Amino acid sequence: MDLKEKLLSSYLVFENKLDIDSPINDIRNEAIKTFEEKGFPSKKEEAWKYTSLNKVLKEDYSIFPKQENAIDYKDVKKYFIHDIDTYKIVFIDGKYSSHLSETTHDGIDVCLMSAALTKPKYQLIIENYYNKVATKDSLTSLNTAFANEGAYIHIPKNKIVDKPIQIINFSTGNESATMLQPRNLIVVDENSHVQIIERHQSLTENAVLTNSVTEIFTNKRAIVDFYKIQNDNEKATLIDNTYVNQKRESIASVHTFSFGGKLIRNNLNYYQNGERIDSILKGVTILSDKQHVDHNTLVHHIEPNCESHQDYKGIFGDSSTGIFNGKIIVNKEAQKTNAFQSNNNILVSDKATINSKPQLEIFADDVKCSHGCTIGQLDESAMFYMRSRGIPEKEAKALLMYAFSNNVLSSVKIPEIKQRITKIIANKLGVNIGFDL
Amino acid sequence: MLKIENLHASVEDKAILRGINLEVKPGEVHAIMGPNGSGKSTLSSVIAGKEEYEVTDGTIVFNEEDINELAAEERAHKGVFLSFQYPVEIPGVSVTNFIKTAINENRKAKGLEDMPAKDMLKLIREKAELLEIDRKFLSRSLNEGFSGGEKKRNEIFQMAMLEPKLAILDETDSGLDIDALRIVANGVNKLKSKDNAVIVITHYQRLLDHIVPDFVHVLYNGKIVKSGGKELAHELEEKGYDWIKEEVDA
Ligand SMILES: Nc1ncnc2c1ncn2[C@@H]1O[C@H](COP(=O)(O)OP(=O)(O)OP(=O)(O)O)[C@@H](O)[C@H]1O
Ligand SMILES: [Mg+2]
């Protein structure tokens with residue numbers, strides 16, 4: 001039985017266990033139909049031209065975790081940003097882990113999707129926001145059909161959340177292959193501000209396929225800073241579908257740091273529904289071995305006087321592959337749009353490849369759009385310069401690569417995240433230097 | 001300290017250095033002059049270990065050790081320093097961080113711990129003062145957008161930090177205004193001792209007024225064609241290179 005069939009038949013079992021009165025059942029039923037019609041994306045589709053899921057889909061994934069698995073905090077502490085106080089929503093094999101988490105209902109809701117989907121208290125928010133920005137593409141629909149757990153974050157108006165929120169999904173590898181479909185909803189009301197960190201981490205070398213959907217709503221003048229740390233092991237595949245719906249004068253930034261994993265596909269979609277919005281999409285990708293990371297971004301400028309800033313840096317070693325596909329749509333009404341996109345890449349190996357493709361669809365006439373893509377090598381003369389001062393080749397390379405990513409890193413607002421990323425980069429490059437640039 | 005014998009080097013099969021002989025002893029200052037394109041920068045790069053240049057014949061011995069097979073960083077660890085004619089811009093790496101990394105990598109190579117942050121700051125402050133470098137300057141990206149003179153002054157600042165045994169200054173005077181020339185030359189002189197040596201590559205006498213050479217060599221067509229005392233530099237300043245070229249080509 002292939003994975004699609006397996007999922008479809010699993011859905012029947014899953015459906016039986018659900019509360020039939022739940023308002024989201026219709027959404028689920030519709031979603032599974034969409035998935036049934038569309039199936040998994042194939043390379044024939046333009047948007048999936050450079051990324052094939054074939055191999056990944058061949059594994060025999062268990063769809064529902066069979067047992068609850070506990071893990072000790074001390075064993076996984078290193079995956080947390082632990083040197084600062086944070087709220088934490090932690091899942092182990094898709095199941096909520098209360099002992100690793102620190103949720104709250106004190107003025108804000110930082111809790112579980114499973115609760116939000118079933119308790120009347122959250123009904124209004126769910127009705128207004130749940131599945132409202134996620135699209136009907138096949139993988140998102142698949143997630144919608146099975147969604148029942150994830151992070152639920154609601155920040156009512158005029159709140160500056162006192163500490164960052166971490167969403168961490170662990171997989172224990174207790175099954176030989178596991179499929180996870182976390183579903184997150186983040187609603188930030190007027191004038192509020194929140195910072196969120198998301199990480200997916202497998203704890204063994206067993207295969208994991210994560211198909212995650214995150215919906216983010218930033219209402220009037222809200223500010224959201226979202227950091228995705230992708231540094232999973234070589235058997236882990238992540239398909240991250242993130243949708244951001246912005247209202248007027250809001251600022252939403254998503255930083256994606258991709259250093260590890262077998263295959264990562266980031267579908268990051270922004271919709272600007274209001275004026276004077278700022279959308280910020282930044283990424284640092286550093287790959288080695290046969291790693292494959294595909295960034296697929298969309299910024300849809302719907303109303304006038306908005307801005308978007310995209311800055312993705314990539315460094316590709318060994319036989320790794322990078323893809324950047326950045327789409328900007330500017331509607332006819334969206335006059336005075338400022339849309340910037342830049343994608344700079346360094347190939348450190350002959351066998352590494354990068355495909356970079358901007359797609360601009362501009363229907364307004366008074367806009368400023370710029371996009372630039374560069375692909376280069378490490379600067380040889382800079383290498384000699386550094387080495388002639390006693391900095392060995394590996395360290396000199398690392399320093400150049402770090403400097404190359406520094407534009408993106410410097411916009412990270414939480415110093416501890418920056419430090420962590422710096423450490424991951426140093427580890428990844430096998431050097432022991434501080435980079436306190 | 002440095003002994004170069006019959007050094008031949010080429011790039012992409014094009015011979016640039018064709019049999020250089022040069023011996024530099026501790027405490028000495030050597031000046032190398034010569035027309036554009038004669039191979040002065042190539043010689044410096046080859047001594048410093050630039051891999052682009054292939055040594056096809058001859059030897060480079062530094063402190064009794066053949067360094068020809070050593071990587072650039074290993075030569076640096078042994079005390080070779082090159083002040084670049086065209087210092088390279090490195091966006092995103094600050095002057096301070098660069099020099100800290102360089103110092104600590106040099107220490108690591110000697111089996112020493114990182115220099116304590118306090119000592120490092122003190123050293124940086126001291127050397128920046130010596131070269132009259134503004135502290136704000138040190139937090140800028142290395143060489144990026146620096147004026148010609150600022151780049152050169154920054155090279156000597158790094159030299160002062162690293163305290164090399166052999167410093168090769170490739171046209172460090174070009175781009176410096178009169179005051180900066182004096183400051184930089186002063187800096188170099190302060191660092192001079194009986195245990196280290198300097199090779200100064202220049203086109204002009206004015207630097208040699210400040211850093212007085214023990215020997216002056218003329219490089220032409222990849223060979224040292226004439227050597228003498230400091231008076232040779234004066235003679236070249238007056239007469240140019242034609243008379244030497246004629247002598248050689250005859
Ligand atoms: N990487 C290279 N590829 C090709 N030719 C080179 C390369 N490096 C040096 N050359 C050539 O070698 C010759 C010597 O160059 P070099 O830079 O050593 O001269 P120089 O004596 O330092 O000149 P200047 O006084 O102008 O600085 C020149 O003809 C130059 O074009
Ligand atoms: Mg030169």
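Author: Buried area is the accessible area (1.4 Å probe) that two parts lose on being put together, summed over both. This is a predicted model, where local features need pLDDT of at least 70, side-chain atom pairs count only at pLDDT 80 or more, and totals for chains, interfaces and linings use all residues. Residues are numbered from 1 along each chain as its sequence is written, chains are lettered from A and ligands numbered from 1 in the order in which they are written, and side-chain values use heavy atoms, without hydrogens and water.

Reader: Thanks! How much area do domain 1 and domain 2 of chain A bury between them?

Author: Let's start with the bounds, which come from an automatic or database domain assignment: domain 1 covers 3-273 and domain 2 covers 379-437. Carbon and sulfur atoms give 67% of the area buried between these two domains, and the total is about 1400 Å².

Reader: Which three residues of domain 1 supply the most of the area it buries against domain 2 of chain A?

Author: Together, these three give 39% of what domain 1 buries there, more than any other three residues. They are A:Tyr227, A:Phe257 and A:Phe259.

Reader: Which side chain does A:Asp225 meet in a salt bridge?

Author: A salt bridge here is a side-chain nitrogen of Lys or Arg within 4 Å of a carboxyl oxygen of Asp or Glu. The count between the two domains of chain A is one. At 3.0 Å from N to O, the partner of A:Asp225 is A:Lys413.

Reader: Where does the largest nonpolar core lie relative to the domains of chain A?

Author: A nonpolar core is a set of buried Ala, Val, Leu, Ile, Met, Phe, Trp, Tyr and Cys residues joined through side-chain atoms within 4.5 Å. Buried means under 20% relative accessible area, exposed over 50%, and partly exposed in between (1.4 Å probe, protein chains only). The largest core has 118 residues, and A:Phe257 is one of those touching the most other members. Both domain 1 and domain 2 of chain A give residues to this core, so it lies between them.

Reader: Which protein donors hold the magnesium ion (ligand 2)?

Author: Donors are N, O and S atoms within 2.8 Å of the metal (3.2 Å for Na, K and Ca), and sites may look incomplete as water is not among the atoms. One donor residue is partly exposed at 25% relative accessibility, while the other is buried at 16%. Lying 2.0 to 2.1 Å from the ion, they are B:Ser41 (OG) and B:Gln85 (OE1).
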